[in-house]
Amino acid sequence: MRSAGDGIEIIRPYLKVPIIKILFQSSSDAYTELIEMYACDRALYPGRALHAHLIVSGLSRLTHFASKLIALYTGCGYLSDARRVFDKIPMTNIGGWISLIGAYSRGGYYPEALSAFSEMQREGLRPNKFVIPSILKACGHVSDIETGVKIHTLILKHSFETDAFVISSLIDMYSKCGLVKRAKRVFDGMKEKDLVTLNAVLSGYTHSGLAKEAMSLVEEMHLLGLKPNVITWNILILGFSQKADETMVSRVFELMQVNGVEPDVVSWTSVISGFVQNFRNDVAFDSFKKMINLGLCPTPATISSLVAACASIADLKQGKEIHGYSMVIGVEDNVYVRSALVDMYAKCGFIREARTLFYKMSERNTVTWNSMIFGSANHGYCLEAIELFNLMEKERTKPDHLTFTAVLSACSHAGLIELGQNLFKLMQEKYGIRPRAEHYACLVDLLGRAGKVNEAYDIIKAMPIKPDLFVWGALLGACRNHGNMDLAEVAANHLVELEPGSAGNKLLLSSLHADAGNWGSVVKLKNAMKKRKMRNFPACSWVEAT
C-alpha cells in the first residue's frame, strides 16, 4: 500500500484497476505525484479515474495538471484524449503548447508534434527555447530538414544560440538528417563547447560512417582542453565497430584506459552490436566472452544483439543457448530481448515458438509487432499477419515504415490488392510516413502478381524517388509470370543500369526470351555476356549448418 501525500491512498502494485480512495482534499503535489506515477506505469484506467476526480474538483483545466494528463494519455497512446485535455485549457498559452508538443515528441509521435507546432504558429504564438528542442527532435526523426532550417533561423533571430540544450538539439537534428557538415558548423560557432554538443556531432559522424573524422575531432578537442568522457569513447567504439575495423576498436579501448576511463558494459555492447551488423558474429561472440571474463553483466541490449546474430544465420542452437542465458541473468522478460527472440525463432523456422513468446508478452513495442508480422508473412500466414496489424492498431502501438513493409508484403502474397492499396494510403495519410523504395516494391509486386503489370509500371513512373533494384526486380518478375516482353525489356534494362556487372539480370531476360521462343535474342544476350566475361555468381547461404 502506498500513500501519496495526505489525500489519496492507492494500492499497488498493478491491480487491473487500482483502488483510489479520496480521503479529503489532496495537495497539488500529491495529485502531481499520482499522475506522474500512472504515466510511468502507463496505467490508463486509474489515470482516468483520477482525471475524473480532477474534473469534479475543477483542477483539470489548470495548465499544470493538464500538462501532466497530456503526458499520461500520450504515453498510453491515446492522442485524441490528450488533445481533448489540451483543448479544455481555458486560455491556451505557450505553456499548454509546450506540454502538448513535448508529449508528442517524447512519445515518438513526430508528425503530430510538427502538426501541433504549425497550429501554434497559426495562432500567432512565438516559439521559445522550451518548445524548440521538441520540434528539432521531431524534425530529426522524420528528416524534415525544411522545418529544421526554419527553426535554425528562429534560433538565430531570437538569440537562442546561447542555450546549450537548444544548440545540442540543433546539432542532433542536422546529424540525424545526415547533414554532418552543418552540424559541425553549428558546433564550430559555439563560444563555449561542451561534451554534450561534442557527442552530438560525433554521433552524426558515426551514423554517416565517418568514424575516422570523429576520431580526429576528439583529438582536436582534447588538445583544446575538452576531455572525452565514457560516452565519447563509446560513440567512437560503435563507429569503428560498425566499420568492422578491429584494429581501431582495440586502439580506442587502449586510449580509453590511458585517459583513465575504463570500458563499461556499453563499450562492449557497442563492439558486439557493430560486428553483428557486419555479419562478423565470430568477433561479436569473442567480445562477449571477454566481457564476461572481466566480470561485467550483460544488459538487455547486449543479449538482443547476440540473439540478432543468431537470427541472421538461423543458428537455432546458439540462439537457444543465449535464450537460456537470458533467463539465468533475469533479462528474458525485457521487451527488447523478447522481441529479438520472437524474430530469431521466426527466422529459424520455428514460428510456433515465436508465436508463443509473442502472446505471453505483457508489454509489446513496435519492434515486437514487426517481428511477429514479418515472421507470419514469411511463413505464409498472410491473413494472420494482417490480423496482427489490425490488433496492433487496436492496442494503439504506432506502426513504423517496417510495419508497413511487412503488412504490404503479406497483402502481396495473399493477393489482397484493394487492402494493400488502402494500407499504402493509410501509411501516408494517418501516420505521415513517406513511402520508401521498399514500399513501392511491395506495391509493384502486389499489382504484378495480380496481372496488373501496366498499372504497376505506372506506379513506378509516378514515384517521387528513384526506383531501386527491388522495384524493377518486382516488375521483371511480374512480366515473366504474365509474359509481357515489352515491359520485361524495360525493367531488365534498368536493372542492367543499376547493376552493370550482374549476370543474373541478363540470364533472367534470356530466360524470358527463351520462354517466348525468341532464340535470336537469347543468342545475342549470351554472346554479349561472353564478350564482357560476365559469370553468374554461385549460390551461397548464411544459414548455419548444424
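**Warm-up.** Which residues form one aromatic cluster with F358?

*Solution.* The cluster consists of F358, Y359 and W369.

Before going on, note that this is a predicted model, in which local features need pLDDT of at least 70, side-chain atom pairs count only at pLDDT 80 or more, and totals for chains, interfaces and linings use all residues. Residues are numbered from 1 along each chain as its sequence is written, and side-chain values use heavy atoms, with hydrogens and water left out.

**Exercise 1.** Classify the ring pair F358 and W369, then place it in the chain.

*Solution.*
- Step 1: apply the rule. Rings of Phe, Tyr and Trp (its six-membered ring) pair if their centres lie within 6.5 Å; planes under 30 degrees apart are stacked, over 60 edge-to-face, and the rest tilted. The rule gives nine aromatic pairs.
- Step 2: take the geometry. The centres of F358 and W369 are 5.1 Å apart and the planes meet at 80°, so this pair is edge-to-face.
- Step 3: locate the partners. F358 belongs to helix α20 (residues 351–360) and W369 to helix α21 (residues 366–378), 11 residues apart. Helices here are DSSP runs of H or I with at least four residues, strands are runs of E with at least two, and both are numbered from the N terminus.
- Step 4: check the cover. F358 and W369 are both buried (under 20% relative accessible area, with exposed over 50% and partly exposed in between; 1.4 Å probe, protein chains only).

**Exercise 2.** Do the same for Y457 and W472.

*Solution.*
- Step 1: the ring centres of Y457 and W472 lie 6.5 Å apart with planes at 50°, so the pair is tilted.
- Step 2: Y457 sits in helix α26 (residues 453–461) and W472 in helix α27 (residues 469–482), so parts 15 residues apart in sequence are tied together.
- Step 3: W472 has a relative accessible area of 5% and is buried.

**Exercise 3.** Describe the surroundings of helix α7.

*Solution.*
- Step 1: α7 spans residues 132–142, and eight of its 11 residues are buried. Among them are I132, I135, L136 and C139.
- Step 2: the buried residues pack against α5 (94–106), α6 (110–122), α8 (145–157) and α9 (164–176), where contact means heavy atoms within 4.5 Å.
- Step 3: after α7 comes S143, with a positive phi near 55°.

**Exercise 4.** Which ring does the charged end of R48 sit over?

*Solution.* The end of R48 sits over the ring of Y78, 5.3 Å from its centre. The criterion is NZ of Lys or CZ of Arg within 6 Å of the ring centre and within 35 degrees of the ring normal. Likewise, the charged end of K193 sits over the ring of F187, 5.5 Å from its centre.
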